[in-house]
Each structure stands twice: as C-alpha cells, then as structure tokens.
Amino acid sequence: MVNYDLYPRLNFCNYLPNATLFVEGILLGVAIRTKKPVAIPLAAFIWRILVGQEVTVEDLEEVDAMYIQGLKSIKDNVSSQFNEETFHEVFPLECYEGTSSTGKIVPIVSGGRSIPLTFHNRLDYIEKAIHFRLHEMDL
C-alpha cells in the first residue's frame with residue numbers, strides 16, 4: 001500500500017511541473033526568510049528528488065512496499081511459487097506494463113505493451129519495472 005501522506009499522488013505528466021513545485025518553493029522560501037522552520041513530512045524519496053539526489057530502491061520501498069516486495073518475491077521465490085507453466089497464474093501481466101505511482105497500469109518501457117512477459121524474461125522485467133518507478137518523476 002502506498003503511503004500518500006508521505007508520497008503525494010501527483011502525475012507529473014498531467015500537471016505542469018513548475019506549477020506543482022511552485023507551492024513547495026513558496027513554503028520553503030517563507031520558512032527560510034522568516035527563520036521559522038516548517039515541518040514538511042515528505043518521504044526521503046520525494047526529498048531526494050527535490051534536492052537532485054539519486055533515489056534508491058529502499059526509498060521507493062518506504063513509500064510503496066507492496067510494489068517492491070511483489071517484485072522481490074518474483075525474483076527470490078521462483079522455485080517454491082511458480083515455474084514456466086504456472087508463471088501467468090501467479091503473475092497475471094502479459095506484457096511489460098506496471099503500476100505507476102498514480103495507480104494506473106502503464107508500459108514500463110517504450111513499446112512495453114508489445115513485449116510479452118514470460119518466465120524467461122521476468123528478471124529483465126523486474127529490473128525495468130524498478131527503473132521505471134525510480135525515474136517516473138524525473139523532471
């Protein structure tokens with residue numbers, strides 16, 4: 001489950017990034033000029049984006065644990081959970097699509113809807129899915 005208190009549900013593709021960050025800038029500017037600290041309880045994931053630092057898988061897991069744990073279970077528990085025949089019973093996606101931070105199913109790579117997801121390319125899918133989520137808010 002995504003913690004939307006710390007990880008706002010913003011779709012930067014639909015909103016002008018400058019307008020979205022403008023309010024944050026005003027709040028921070030007022031806090032600095034008046035020397036009155038303002039507690040802005042954002043996750044490390046969001047802070048790292050704002051200050052231009054590298055976002056890590058651990059940061060993403062802090063705000064969307066189910067997403068990362070689901071991908072890890074596919075990677076780590078292969079022999080006990082599924083095999084080539086039962087892969088799609090456990091993992092219902094048919095192509096390179098994943099859940100965005102807004103909850104929508106979207107392609108995780110260019111042309112992802114035309115790339116079939118199979119038992120054999122699942123590790124590549126996991127790598128691409130994590131990369132997509134770590135960089136979906138890059139401005």
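This is a short tutorial dialogue on reading the features of a predicted model.

Colleague: Let us begin with the overall layout. How many helices and strands does the protein chain have, and which pattern does the chain follow along the sequence?

Modeller: Bear in mind that the model is predicted. The protein chain has seven helices and two strands, and the pattern along the sequence reads α-α-α-α-α-α-β-β-α. Of the 139 residues in the chain, 34% are buried. Looking at contacts between residues at least 6 apart in sequence, 57% join residues at least 24 apart.

Colleague: Now the interior. How many residues are in the largest nonpolar core, and which have the most contacts inside it?

Modeller: The general idea first: in soluble globular proteins, nonpolar side chains tend to be buried together. Here the largest nonpolar core has 27 residues, and Phe45, Leu71, Ile108 and Tyr125 have the most contacts inside it. Helices H2 (44-51), H3 (57-63), H4 (65-76) and H7 (122-135) each give two or more residues to this core. H7 provides the largest share, six residues.

Colleague: Let me pick one of those residues. Which residues does Leu71 contact, leaving aside neighbours within four places in sequence?

Modeller: Leu71 is in contact with Tyr125, Ile126, Ala129 and Ile130. Keep Leu71 in view, as it is also among the residues that lie nearest the centre of the largest pocket.

Colleague: That brings us to the pocket. How many residues line the largest pocket, and which elements contribute to the lining?

Modeller: The lining has 16 residues, with Met66, Tyr67, Gly70, Leu71 and Phe91 nearest the centre of the pocket. The elements that give two or more residues to the lining are H4 and strand S1 (97-99). H4 gives the most, with six residues.

Colleague: What is the volume of that pocket, and how does its lining divide by class?

Modeller: About 260 Å³ of space lies in the largest pocket. Its lining has nine nonpolar, five polar and two charged residues.

Colleague: Next, the aromatic rings. How many aromatic pairs does the structure hold?

Modeller: There are four aromatic pairs. One of them joins Phe87 and Phe119 edge-to-face, at 6.2 Å centre to centre with 75 degrees between the planes. Phe87 lies in helix H6 (residues 87-90) and Phe119 in the loop between strand S2 (105-107) and H7, so this pair ties together parts that are 32 residues apart in sequence.

Colleague: Are those two rings buried or exposed?

Modeller: Here the cut-off helps: buried means under 20% relative accessible area. Phe87 counts as buried because its relative accessibility is 1%, and Phe119 counts as buried at 16%. Another edge-to-face pair is formed by Tyr96 and Tyr125, at 5.5 Å centre to centre and 90 degrees between the planes. That pair links distant parts of the chain, with Tyr96 in the loop between H6 and S1 and Tyr125 in helix H7, 29 residues apart. Both Tyr96 and Tyr125 are buried.

Colleague: Which residues form one aromatic cluster?

Modeller: The cluster is made of Phe87, Phe91, Tyr96, Phe119 and Tyr125.

Colleague: One last feature, from the backbone. What is phi of Lys35, and where is this residue placed?

Modeller: Most residues other than glycine have a negative phi. In Lys35, phi is near 55 degrees, a positive value in a residue other than glycine. Lys35 is in the loop between helix H1 (17-34) and H2. Its side of the story ends at the surface: Lys35 is exposed, with a relative accessible area of 74%.

Terms used
Residues are numbered from 1 along each chain as its sequence is written. This is a predicted model: local features need pLDDT of at least 70, side-chain atom pairs count only at pLDDT 80 or more; totals for chains, interfaces and linings use all residues. Side-chain values use heavy atoms; hydrogens and water are left out. A nonpolar core is a set of buried Ala, Val, Leu, Ile, Met, Phe, Trp, Tyr and Cys residues joined through side-chain atoms within 4.5 Å. Buried means under 20% relative accessible area, exposed over 50%, partly exposed in between (1.4 Å probe, protein chains only). Helices (H or I, at least four residues) and strands (E, at least two) are DSSP runs, numbered from the N terminus. Contact means heavy atoms within 4.5 Å. On a 1 Å grid over the protein atoms alone, a cavity is a set of points where a 1.4 Å probe fits but cannot get out, and a pocket is an open set with protein on both sides within 12 Å along at least five of seven lines; lining residues have an atom within 4 Å of a point. Grid points are joined across faces, edges and corners, and a volume is the space filled by probe spheres set on the points. Ala, Val, Leu, Ile, Met, Phe, Trp, Tyr, Cys and Pro count as nonpolar, Asp, Glu, Lys and Arg as charged, and the others, Gly among them, as polar. Rings of Phe, Tyr and Trp (its six-membered ring) pair if their centres lie within 6.5 Å; planes under 30 degrees apart count as stacked, over 60 as edge-to-face and the rest as tilted.
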